[in-house]
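Visitor: I would like a close look at the aromatic rings in this protein. Please take me through them slowly, and then through what else is worth pointing out.

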Amino acid sequence: MNALTVERRVRWYQRPFHEYLINTPAARAIEIAHRRWGKDEISLNVTCELAHRRPGSYWHCLPEYEQARKALWTAVNPHTGKRRIDEAFPPEIRESKDEQQMFIRLKCGSTWQLIGSDRYNSLVGAGICGVVFSEWALANPSSWGYIRPMIEENAGWAAFITTPRGRNHAKSMYDMAKESPRWFAELSSVTDTGAMSPEQMTEALLEYCALYGEDLGKAQFEQEYMCSFNAAVMGAFYGREMAKLRAENRIAAFDAIASRPVHTAWDIGVRDDTSIWWWQVQANRPVILECYTNAGGGLEHYAEKDALVRAEHGWKRTKDTIDWVPHDARVLEWGSGRTRIESMQKLGLNPRLVGQASKLDGINAGRITLDRAIIHPRCEQGIAALEQYRREWDDERKTFRATEERDWTTHLADAFRYLSLAWRTMKPTEDAPKPAQPRGTVLLPGAPVAPAGNKKSWG
C-alpha cells in the first residue's frame, strides 16, 4: 500500500505551540489566543500526527456535547468547502466513522472522538493518550480533574485552547503554567500575531459596538481579540459585584471562628451536579470558607465530603449547624419513598428549607450578599462560577434574556443563591473575621487591620 502524504500548513505564530506538542512527551500546554488564530485547526492537526506515532484513544472536548457537533463535527471550512474533520482526518486514513457518536477509527489503530465537558462523568476510556480542551474558559473545570488520571496513567498529553472569559479557571491555569517548567503557556493577542490589519480590527470593534452597545462592545472586543482577562463577562449576573469584591481585596484567607457553627448551602441534583458552600456569619457578614461541586453520586457521597471538609479544617458539627436546602428537597426520591430532607437527616445532617423566593429575587439577594461577603481563595471554582454565571443571549433580538445560560456554573450559582437567602436569617454576631494564620504561629491581640488596599475595616 502506498504511503499517503498529508500537507499541513502552520502559520508562523502557531509554530511554538505546534512544535512543543509534537516534540514533547507527556506535554501540557495552554494557548490563550484571539479569534481566528486557528486553535482548533492546529490542535486537530497535532492530534492526527501524534495518533499515527502512538496508537491509542484521543479526545477533543468542547464545553457542551451538542456544541461539539455544530462547531467541529458538521462544520464546513468556508475557504475550502470541506468538513473540518475531513481536513483533519482525510477519508484515506480512516477505517470507519460513526456520525452519531462523533467517533473516528483510523487505519493506524488509533481512535478520535468529540466529547463535551457537560458529560465528563459519563466518559470511560482505556489507553487515553491525548486530549484537547477547546474553549477551556467555558468548559466545566471538573472535567480535567476527571480525565487527568487517565492521561497521567498513560503518560499522555493535554492541550487547553481558549479565548479569555474573565478571571476564571482558564486564567488560573495560565498563571500556573507560566511558572511551571513542565508546561507551555502562551498568550497571543491580535497585535502579537498581526493576523488582522488595523482596518479589520477597526471594523470588528465597530461591529461589536453596533451589536452590544459601546461599553459591552468594547469589552467584547478586548476579550475576543486583545485576550483581556479583565474584560467584563457578557451578560454576567454578578459582574459588577465580583469586580468590586476583587477591587476591595475581599477574596482573602480568613479563619472560621471555632466557637460558632459553620453552615452549608446546597443545590441538590439527581442527574446533574450537586454543589455545596461552607460559610459562617462573622460581624454580620458572610465569610465563605469552602465550596464543592460534583456530578453523580448519592447523598451519602456529599455527606461524606462534608465530614471530610470539616475534619480537614477543624469545623465541628454541632446542634446549631444548619444545612440549607431548596424547597424541592421535599420531593420524594424515586425508589426510596423518602424525601431528600429525610435522607439527609438519616445521614446526620440538619437540613432546613431556605425562604421561598423567585430566581430573580434570589439573584438580587446574591448581589447584596456579594457586596458584604469575604470569600476564601480556596473557593476558586466557586469564584469562577459566580463571575461567569450569565444570561442567555437572544440572537434574534440581539439582547440578553432574563433567563440563565445553563452550564457548569449553574449549580454553584444556585447553591450561592440559597446561601444568600439564608445567611441574613441567622443571628447577628459581633465577631470580626480574623486572617488565617500559618500553623505554628501565635496571633497576638491588637487593633484589627483590613487587608491591604481596603481602607475600611471588615466590621
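Guide: What follows goes through some aromatic rings, then a charge over a ring, two loop residues and one helix. Keep in mind that this is a predicted model.

The structure holds 23 aromatic pairs. Take the one formed by Phe-17 and Phe-184: the ring centres are 6.1 Å apart, and the planes meet at 50 degrees, which makes the pair tilted. Phe-17 belongs to helix α1 and Phe-184 to strand β8, residues 183–188, so this pair ties together parts that lie 167 residues apart in sequence. Phe-17 is buried, with a relative accessible area of 0%. Phe-184 has a relative accessibility of 14% and also counts as buried, because the cut-off for buried is under 20%.

A second pair is Tyr-58 with Trp-157, again tilted, with 6.3 Å from centre to centre and 35 degrees between the planes. Here too distant parts of the chain are linked: Tyr-58 sits in strand β2 (residues 57–62) and Trp-157 in strand β7 (residues 157–162), 99 residues apart. Both Tyr-58 and Trp-157 are buried.

Now return to Phe-17 and Phe-184. They are members of one aromatic cluster, together with Trp-12, Tyr-13, Tyr-20 and Trp-37.

A ring can also have a charge over it. The charged end of Lys-171 sits over the ring of Phe-229, at 5.6 Å from the ring centre.

Next come two residues in loops. Ala-26 has a phi near 50 degrees, a positive value in a residue that is not glycine. Its place is the loop between α1 (15–23) and β1 (28–33). Met-102 likewise has a positive phi, of about 50 degrees, and is not a glycine either. Met-102 is found in the loop that runs between β3 (94–98) and β4 (103–106). What sets the surroundings of the two apart is exposure: Ala-26 is partly exposed, with a relative accessible area of 24%, whereas Met-102 is buried, at 0%.

Last, look at helix α14, residues 380–388. Of its 9 residues, 7 are buried, so the helix is largely enclosed by the rest of the structure. The buried residues are Gly-382, Ile-383, Ala-384, Ala-385, Leu-386, Glu-387 and Gln-388. As background, an α-helix has 3.6 residues a turn, so residues three or four places apart point the same way.

How values were computed: Residues are numbered from 1 along each chain as its sequence is written. This is a predicted model: local features need pLDDT of at least 70, side-chain atom pairs count only at pLDDT 80 or more; totals for chains, interfaces and linings use all residues. Side-chain values use heavy atoms; hydrogens and water are left out. Buried means under 20% relative accessible area, exposed over 50%, partly exposed in between (1.4 Å probe, protein chains only). Helices (H or I, at least four residues) and strands (E, at least two) are DSSP runs, numbered from the N terminus. Rings of Phe, Tyr and Trp (its six-membered ring) pair if their centres lie within 6.5 Å; planes under 30 degrees apart count as stacked, over 60 as edge-to-face and the rest as tilted. A charge sits over a ring if NZ of Lys or CZ of Arg is within 6 Å of the ring centre and within 35 degrees of the ring normal.
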